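Visitor: Could you take me through the aromatic contacts of this model and explain the terms as you go?

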Amino acid sequence: MTLTPEQQAEIDDQRSTTQPTLRATVPGIEAHLYKAIPVLDHGFVRVIDYMGDDSAIVQAARVSYGKGTKAVQNDEGLIRYLMRHWHSTPFEMCEIKLHVKLPVFVARQWIRHRTANVNEYSARYSILDREFYIPAPEHLAAQSTVNNQGRGETLTGEEADRVLRLLTDDAMRAYDHYEEMLSQDGQQGLARELARMNLPANVYTQWYWKVDLHNLFHFLRLRADPHAQYEIRVYADAICEVVKDWVPAAYGAFEDYRMGGANLSGKAIDCVRRMLKGEEVTQETSGMSKGEWREFMGVVSDQYKGGPK
């Protein structure tokens, strides 16, 4: 990701201008303010503004004033309790506004999280830059044979070269035609809102995205997961690093209970109890489908093969 000198100068100016405030601030996220965190080949994530901190979550839960009524360790314990028991509104007291530059096809995945305020760069009024996401060779993969929405083996050699050439050539050709339609030898060209439809889904767009912490955690749980598509996962990973510096206690609870935890069905809990008693449990005796059993085994133990050892 390369910023123009003008963009870098604007960021430097924003970071050099400070304002006195009575509101709570967090040094960890203050260090991120306005900086562009590189993602993919031309993308980035920037923190534009934020509201609240760990203490705001605690304050809302207790409906207290000031710094609250308990010790810091008790505050962290309360946050973990709220996360453990799926309370949501205290986490909604914190908000963050991000400036994100991302490929259109990633944006169309992202926008399915309908719990944020979004304002996207408009190609009806402005001309998009000649910037396209072209995957690095190690991220070119064939279609998975077991997952209709996943990737299989990495493409290599001549096939990888052929795909990269097609992606690059098609993107550049489409942009050439986009420019031609906008302006034809000084004559009035096609309207921007029509010319844009010729551009491929890997062209970059930008938006401002404002979301509360509860809904942000839901986004991160799905998109920072190893099973998420790589191109959106790297954005989620970058945001995770920001959130970790913003609300460390809340993020620690989220990481433990949501990212590192697992939900078990009633049947799964029954199987765990039977296993603890020494009973050999199989998929056929579990009452679960093959898919449920496979996921359950992935949670309980990678080494478990039908019964306790």
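Guide: What follows is a short conversation about ring pairs and charges over rings.

Guide: This is a predicted model, in which local features need pLDDT of at least 70 and side-chain atom pairs count only at pLDDT 80 or more, while totals for chains, interfaces and linings use all residues. Residues are numbered from 1 along each chain as its sequence is written, and side-chain values use heavy atoms, with hydrogens and water left out.

Visitor: Why is the aromatic pair of F105 and Y133 called tilted?

Guide: Rings of Phe, Tyr and Trp (its six-membered ring) pair if their centres lie within 6.5 Å, and planes under 30 degrees apart count as stacked, over 60 as edge-to-face and the rest as tilted. F105 and Y133 are 6.1 Å apart centre to centre with 40° between the planes, so they pair and the pair is tilted.

Visitor: What makes Y133 buried and F105 partly exposed?

Guide: Buried means under 20% relative accessible area, exposed over 50% and partly exposed in between (1.4 Å probe, protein chains only). Y133 has 5% and is therefore buried, whereas F105 has 23% and is therefore partly exposed.

Visitor: Why is the pair of W110 and Y235 called edge-to-face?

Guide: The centres of W110 and Y235 lie 5.8 Å apart and their planes make 70°, so the pair counts as edge-to-face. Both W110 and Y235 are buried, and ring pairs link them with W207, W209 and F219 into a cluster.

Visitor: How do you know that the charged end of K101 sits over the ring of Y204?

Guide: The criterion is that NZ of Lys or CZ of Arg is within 6 Å of the ring centre and within 35 degrees of the ring normal. The charged end of K101 is 5.9 Å from the centre of the Y204 ring and sits over it.
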